[in-house]
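User: I'd like to learn how to read a few features of a model. Can you take me through them step by step?

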Amino acid sequence: ADEALQAHFDARIAANQRIEPRDWMPEAYRRTLVRQVSQHAHSEIIGMQPEGDWIASAPSLRRKAILLAKVQDEAGHGLYLYAAAETLGVDRADLTERLIEGRQKYSSIFNYPSLGYADVGVIGWLVDGAAICNQVPLCRTSYGPYARAMVRICKEESFHQRQGYELLMRMMEGTEGQRAMVQDAVDRWWWPSLMMFGPPDADSPNTRRSMDWGIKIDTNDELRQKFVDMTVPQAEKLGVTLPDPELSWNDERGHYDFGTPDWDELKRVISGDGPKNAERVARRRAAHEKGAWVREAATAYAAKRRNTEEV
Ligand code: FAQ
């Protein structure tokens, strides 16, 4: 019977049909999705911190309203993705435990500090830009709930990217000092943004199988190239220099050539030893512990309502 189920699953993947929560799926497919979707959810939640640090010191009421809305969107994306993960038979509370105990990963990018307000713009431009590049193809991923979550998230993400770019355009019209702040932030975030796409293909243990299953649509290097090609003209228009002397248009390939990211740095950051790993996880843990009374109250209220309804 298992063979028939497997054959049915393989045929659906081959025909580009979606797998839904109640469909039979191989255990390894389910586990891979739990891993990717929960890491993605954790990234959104931890990803609130670098920008969240600037809400209280936004330079104007308008910028504060924009930033608050963006960070709230990230919380929404996280919750949306936890809900998608739960359709795979895992529990959100358990996933949060795994995150704050350091047993599950989240994106390396959020382990770098945001040192000035220009960082808010650069995170929107480069980090959300990289996120869109990675996530637009995932709207066609084979697992239904993840694909549908991506459609909605991408719409908001492209708005986030534009708000970042608009903020930087305004700063570039400002003083010499403001332009220097933008350039400094670009210098610090460029290479970590390229690392968001993961290790090079030759060193990516999961890509092959995830592509066979239709979970991933493109390889890490393909998406990284797409991001570079899309971003270089934006940098030119903005008037900033990307910190890579090897960056140049290659007519033969029809793509930009670019330098090699520091893969040892990516390994260090992924394994917990980045500039801000300890602080990000500690803060998430503290917020979770501080919120215990809310969860208890909500659970007690739900139980009370159930009892009243029964009577
Ligand atoms: N950071 O074999 P692969 C956002 C791990 S966007 C940390 O290539 P895979 C929006 C990988 O998990 C950011 N870990 O793995 C936002 C694996 O470890 P494991 C979130 C990384 O899965 C913007 C190992 O290395 N986006 O949050 C990283 O096939 C602004 C080997 O790697 C997503 O999660 C990394 N950069 O490909 C929010 C997108 N790269 O689990 C706030 C969905 C690799 O075996 C503000 N995810 N690893 O122990 C994906 O597309 C894939 O999971 C990849 C990795 C491409 C990230």
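Analyst: This is a predicted model. Start with a helix: α7 bends by about 25° at I153.

User: Which residues make up α7, and how far does helix α7 reach?

Analyst: Begin with the general idea. An α-helix has 3.6 residues a turn, so residues three or four places apart point the same way. Here, α7 covers residues 144-172, 29 in number. From first C-alpha to last, α7 reaches 42 Å, close to the 42 Å expected at 1.5 Å a residue.

User: What is E44 in contact with, leaving aside its neighbours within four places in sequence?

Analyst: E44 sits in helix α2, residues 27-46. Its contacts beyond those neighbours are E74, H77, G78, L81, Q135, I153 and E157. I153 is also where α7 bends.

User: Is E44 buried or exposed, and which side chain of opposite charge is nearest?

Analyst: E44 is buried and has no salt bridge. The nearest side chain of opposite charge is K70, 7.6 Å away. A salt bridge needs a nitrogen-to-oxygen distance within 4 Å.

User: Now the cysteines. How many disulfides are there?

Analyst: A disulfide is a covalent bond between the sulfur atoms of two cysteines. The cut-off is 2.5 Å between sulfurs. By that rule the count is zero. C139 is in no disulfide, with the nearest cysteine sulfur, that of C154, 4.0 Å away.

User: Why is C133 without a bond to C154?

Analyst: The closest cysteine sulfur to that of C133 is in C154, but at 10 Å it is too far for a bond.

User: Are C133 and C139 buried or exposed?

Analyst: C133 is buried, at 5% relative accessible area. C139 also counts as buried, because its relative accessibility is 18% and the limit is under 20%.

Methods:
Residues are numbered from 1 along each chain as its sequence is written. This is a predicted model: local features need pLDDT of at least 70, side-chain atom pairs count only at pLDDT 80 or more; totals for chains, interfaces and linings use all residues. Side-chain values use heavy atoms; hydrogens and water are left out. Helices (H or I, at least four residues) and strands (E, at least two) are DSSP runs, numbered from the N terminus. Buried means under 20% relative accessible area, exposed over 50%, partly exposed in between (1.4 Å probe, protein chains only). Lys and Arg count as positive and Asp and Glu as negative; His and the chain ends are not counted. Contact means heavy atoms within 4.5 Å. The expected span of a helix is 1.5 Å times one less than its number of residues. The bend at a residue is the angle between axes fitted to the seven residues ending there and the seven starting there.
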